[in-house]
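Here is a short briefing for the bench. Please look over the sequence and the model before reading on.

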Amino acid sequence: AFRERLNAQDARGLRHVYTAEWRARSLVEFQGVGRRHVDTVAILGADAELAQDILFCVQSGQTVFVICPDALSLAQLKGAFDILLKIAVKQGRLDQSKIEVHAQQVSFGTDTSVLNLAQIVFDAGAVEISPGHVKPGTIWCVLNEYTPAEGLREELPVELISLRRYRPVFGAALAETAPLGKVDHESYATVFHYFSSKGDTVLCCADVPGLIGHRMITTGLRATLALIVAGAKIQDVEAAAQAIGFPKGFLFMCDRLGLEMMSEAVARIFGDDVEELTLLDDRAADVASGRVLSTGFCVTGETVMDIDPNLDTWMEEWFEEQDDLPILPEVSIERALQAALVNEAARMLEDGTIERPQDVDLCMVKAFGFAPMKGGPLFQADEQGLLGLLRSMTPLIEVSPDIWQPCTKMQDMAKNGERFVS
């Protein structure tokens, strides 16, 4: 009985996630590489959500300079940080006696001259920077794919690194990093160790739009929209995402992140001519105009967020205005979503975005709440066999070739009987 439990699929899934995290935390590329001492950081931006990053740095023992573009955003960010301090005390994550000490570690202002004191800068945009205020070689982390102004790389003699931190799902946060251009190995190692030493899982990938997490999630959203346009019931597609292992469907995630933001993310990652964006943009326009009284595809109840009960009527009207829509083939919706995600992950291996396929599964688990015991999309593909998944993609190509046309990497792996993870 013990051996059967040990070899059960959920046990293998958990071991896969554990092994993936262990490999991410012991990245061989940084073994033996020196790192810089970090005692002072600067955080630039106007978003109140940066308060979480301020608290993270303060709890790590650093002196923090917070630089905002104006007095209003400064007051809002400081207020958000004060609230977070009180919440941390209430939750037992912070000692009441240390609140004053932590408050003294942070300096809020609009003056960028203090940037020359920081070893690491976290830049969320909105703040105008004077090159003369920046030390050569400063590690400059660009947050959440904010695109620096044209010429910033040439004007500022810094080590540019793209960084996206996800909120904790299973007790430890996840950070995705990518070098923006040529980055000194020691600087990259410093960022890796800075976050991993604080309990974060750190993934390293190439500098591509969406990095790993948003590229996968937008693929899931595109597949969801394409299946709905082809005639699949919205409830069935959302349920299929949960059956795979996600806590909620992709439309729910889209609503939580914002329809316009997700539309922009899809366009940034895959281009402006993505056909599935028509449905998403039309829905977003009706939400913005007030024609639709919901957050997007869902409505918020007293305790849960559920599919808008009026969505079917809206979809019927939308379908009447469309021409030459694809027809849904007789393929499992769950299988269709799996195939889309696995194909995109194979593309990332093919184009060099990632080197370790298990990083995709780890990102889905740590950042988006994918059930650890189910291992992740690539673990499931290995368990079920790539050849069968490839066959199920054939009729789906007519629905959307961009999503379901098998990439060369996936075809070669299926042909040679290879697995993503040995």
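What follows covers the sheet, the cysteines and two helices.

This is a predicted model. Its open sheet is built from 8 strands. A search of the whole structure turns up 0 disulfides. Helix H3 is largely enclosed by the rest of the structure, and helix H15 is mostly covered.

**The sheet**

- The strand order is E3-E2-E1-E4-E5-E6-E7-E8, and the pairing is mixed.
- Strands E3 (106–109) and E8 (201–204) are the edge strands, each pairing on one side only.
- From one strand to the next, the twist averages 25°.
- Strands of a sheet pair through backbone hydrogen bonds, and the pairing can be parallel or antiparallel.
- Strand E1 (residues 40–44) and strand E2 (residues 63–67) run parallel, joined by 5 bridges.
- Ala42 has Phe65, in E2, as its bridge partner.

**The cysteines**

- The search of the whole structure finds 0 disulfides.
- A disulfide here requires two cysteine sulfur atoms within 2.5 Å.
- For Cys298, the closest cysteine sulfur belongs to Cys254 and lies 8.8 Å away, so the pair is too far apart for a bond.
- Cys298 is buried, at a relative accessible area of 2%.
- Cys363 is in no disulfide either. Its nearest cysteine sulfur is that of Cys205, 8.7 Å away.
- Cys363 counts as buried, because its relative accessibility is 0%.

**Helix H3**

- Helix H3 spans residues 50–59.
- Of its 10 residues, 8 are buried, so the helix is largely enclosed by the rest of the structure.
- The buried residues of H3 are Leu50, Ala51, Asp53, Ile54, Leu55, Phe56, Cys57 and Val58.
- Gly61 comes just after H3 and takes a positive phi of about 95°.

**Helix H15**

- Helix H15 spans residues 358–368, and 11 of its 11 residues are buried.
- Charged residues are on that buried list: it includes Asp359, Asp361 and Lys366.
- The buried residues of H15 also include Val360, Leu362, Met364, Val365 and Phe368.
- Cys363 is another buried residue of H15. The sulfur nearest to that of Cys363 among the cysteines is in Cys205, at 8.7 Å.
- Gly369 comes just after H15, with a positive phi of about 75°.

Definitions and conventions. Residues numbered from 1 in each chain as written. Predicted model: local features only at pLDDT ≥ 70, side-chain atom pairs only at ≥ 80, totals over all residues. Heavy atoms only, no water. Pairing = 2+ DSSP bridges. Helix = DSSP H or I, 4+ residues; strand = E, 2+ residues; numbered from the N terminus. Axes fitted to C-alpha atoms, helices over the stretch in contact; angles between N-to-C directions. Buried < 20%, exposed > 50% of the residue type's maximum accessible area, 1.4 Å probe, protein only.
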